[in-house]
There are 2 protein chains.
Amino acid sequence: MIVAPDPARPGEGLSMAADPALRAPGVALVGAEGTRVLDGLRAGLAAAFGGSEDHFLAPPVIARAVSERAGYPNAFPHLLGTVHGTEDDGPTDLVLTSAACHHVYPLLAGTVLGGERQFGVEAVCFRAEATAETGRLRSFRMYEVVRFGAPEEVQRWRDRALESAVEWVGGLGLTVEVVAANDPFFGRPGRLLAAVQRSEELKWELLAPVDDRQVQAIASANGHKDHFGAAFGLALADGSPAHSACVAFGLDRVVLALRHRHGERTGDWPAHVRQALALGPRPERTGGAASTSRGAQRAGEKGRTSR
Amino acid sequence: MIVAPDPARPGEGLSMAADPALRAPGVALVGAEGTRVLDGLRAGLAAAFGGSEDHFLAPPVIARAVSERAGYPNAFPHLLGTVHGTEDDGPTDLVLTSAACHHVYPLLAGTVLGGERQFGVEAVCFRAEATAETGRLRSFRMYEVVRFGAPEEVQRWRDRALESAVEWVGGLGLTVEVVAANDPFFGRPGRLLAAVQRSEELKWELLAPVDDRQVQAIASANGHKDHFGAAFGLALADGSPAHSACVAFGLDRVVLALRHRHGERTGDWPAHVRQALALGPRPERTGGAASTSRGAQRAGEKGRTSR
C-alpha cells in the first residue's frame, strides 16, 4: 500500500480516498506540508546543479512521435501509458510523459551544439508499474538535469553529477547506497541491453529506505552515450552526434525517504534539514499540536500523542 | 498556433519543438521565467483565498471511477482523455484529470460535514480540445478553491469568491469582463444542461485578452448545487447532500494574459505587479539585455531592440 489515507489530516503525506473503489494504486495527492518540501527540494537542486535559466516545467503528456524517437515504446512497452479518447476513439497523438528529459531533446533537434549545454526539466511522469509498494508510484515527479556535449566531457560531468547528487542528499540527512543498475528493458533483447548498461556502468542509482521494509532508488545518474543525440539529430561541431547524460531525482521518493529518516512531520526534522529545504525554524511545540512522529518518539519527547 | 518556439530563448514563455513532427498542439513547456510567475500566482491565490493547510497538489491522472462518479465522461465525452497501455492493451483504471477538484471529492466521500469546509487543489488537467488558438491548451494547470456546506452559505461564498477573483486579477493589472457562461456539455441533452446552467447563473467566467485577437476565460466561479455532494455521498448534519462551489483559475492563461498586458519579459512588468508576484524589484536594464517587449516600447524607452 502507498500510504494510509487519513482525510482528517489531509495536509500531510500522500493522500488517497478512504473508499477503495475510488482509489488508484500508485496515484496519490500531496498535501500542503509535502508541497513545501517539494518546493525546497527544487530550490536545493537548482542551487546544487547550477541554477540555470534553461529550466523547464514540462507537461505530463508528450507527442507520441517524441517518445518513439527516444525509443521508449520499444524498450519499455510494459511501462508506457498512451492517451486515448473515450471508448472507441482510438489513440491520440499523445502518450504520457515517461521521463522528464524527453521534453528537452525536441527543443534541440536538428541543431549543432556550439559547446556544452545543460538543462533542468521537471515533469510529472507516468509508468504503468505492476506493483504498488511504498515509493512505487505510477504518477510521480521527476526532476532532471541533462547535459549535452562531447563524449569525454559528458562522461566527466556524469561522474561529477553523481558525486554532487550523493552530497546533496547527504546534506538532507540521507545516507544512500550507490549501485550500478540497469533500466527495466523489455523482453529478451532487453536483457542484453540491460547487461550492456550494467557492464559499461552507464547507470548508477542512489538507494535509500522509504519505509521499514522498502529500499527505493531516489535518484540516478545516467550516461546515454550518443543515443539521444543520434535520435534527434543533435550534432557536435565536427558533425558527430552529441553525447548526453542526466541526473534524475524522483522527488516523491526523496520526500518519502526524508519522512522515513526524520519523521512524518517536518516540524520534527533537524534544523539543518529544515534550513536546507527553506522550511524555516522548527516550530514551537504545543500540547495540542503534539507530534506522533517517529523522530519525536525517538527523541523521547513528552508531548501528548493525541490527535 | 500556441507560441512561436525559440530554442535560443528557452527560458521564456511557452516553448515547443521547432520541428512540427515533434510538436503536439496545445501541449507546451514553461520556461524559468514562466515558472517564477506560476509560483507567484500560487502564493497570491493562497493569500487571497485563505492560505489553508487543506491544500493539495494532485496528479494528472485519476481513477476512472472518480471521473465517472463526478459525471464527467457522460457530460464531456469529447474532452475526456483516457489512459491506455501500448497497442491492444486496452484501457487502464485511469483517465487524465479533467478538473483539479475531482481529486478532492473522494477524500470526503461517505462522510458527514461538521461545518463548512474549504480546500485548495492544483493539478495539470487535460482536455481534448479540437483547436489550438492562444490559450486553448490541451494540457494546462488548474488551481481551484472548493467550498462545501449548506446551500445558502455555499451560494454566498461563490458570490464573494467571484468578487475576490476579480479583485485579485485586478491587482495584477488585468481588467476582465465577467460573463454568465456554461460548460461545453456534449450533445442535445447537454444543450439543455448548458441552458439551465446559464439561466440559473451557476457559472461566471472572467474573460481577458491573451493575444491581440483572442479572449479567453482565465478563471471561473461555479456553483455545483448538490451535484458532487450527492454523487460522492457527502452529507450535511441533517442528512441532505452537501452543496459545493468552486473558483477555478487557469494558471497558464493568467500567465498569457499577464504577458499580453504587460509585455513578454517580466523585467518590464510594472513594479506593483512584480511585487504581487514576488518577482523582486525591476532589474536594471543594460544595453545587451535591452527589452523588445510591448510594454517597454509603449513606454518609449531607448533600449536597443536587437535580437
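Two strands pair if DSSP finds at least two bridges between them. In this predicted model, strand β5 (residues 82–84) of chain A and strand β5 (residues 82–84) of chain B meet that rule: they pair in the antiparallel sense over 3 bridges. The points below cover this pairing, the contact, the symmetry and one helix.

**Strand pairing**
- T82(A) stands opposite H84(B), a residue of β5(B).

**The contact between the chains**
- Chain B gives 56 residues to the contact, and chain A gives 54 residues.
- On the side of chain B that touches chain A, strand β6 (residues 91–96) of chain B supplies the largest share, 5 residues.
- That side of chain B divides into 35 nonpolar, 15 polar and 6 charged residues.

**Symmetry**
- A turn of 180 degrees and a shift of 0.0 Å along the axis lay chain B on chain A, with an RMSD of 0.0 Å.
- The two copies are therefore related as by a two-fold rotation axis.
- In chain B, V83(B) has the C-alpha nearest the axis, 2.6 Å from it.
- Both copies use the same surface: 96% of the contact residues of chain B recur in chain A.

**Helix α1 of chain A**
- How far apart are the end C-alpha atoms of helix α1 (residues 32–48) of chain A? They are 24 Å apart, which agrees with the 24 Å that 17 residues should span at 1.5 Å a residue.
- The buried residues of α1(A) are E33(A), G34(A), V37(A), L38(A), G40(A), L41(A), R42(A) and L45(A).
- Their cover includes β2 (29–30), β8 (139–149), β12 (243–250) and α8 (251–262) of chain A.
- Just after α1(A), G50(A) takes a positive phi of about 75 degrees.

How values were computed
Residues are numbered from 1 along each chain as its sequence is written. Chains are lettered from A and ligands numbered from 1 in the order in which they are written. This is a predicted model: local features need pLDDT of at least 70, side-chain atom pairs count only at pLDDT 80 or more; totals for chains, interfaces and linings use all residues. Helices (H or I, at least four residues) and strands (E, at least two) are DSSP runs, numbered from the N terminus. The expected span of a helix is 1.5 Å times one less than its number of residues. A residue is buried if 20 or more other C-beta atoms lie within 10 Å of its own, exposed if 12 or fewer, and partly exposed in between; C-beta atoms are placed from the backbone. Two residues are in contact if their C-beta atoms, placed from the backbone, lie within 7 Å. Ala, Val, Leu, Ile, Met, Phe, Trp, Tyr, Cys and Pro count as nonpolar, Asp, Glu, Lys and Arg as charged, and the others, Gly among them, as polar. Copies are superposed by least squares on the C-alpha atoms of residues with pLDDT of at least 70 in both.
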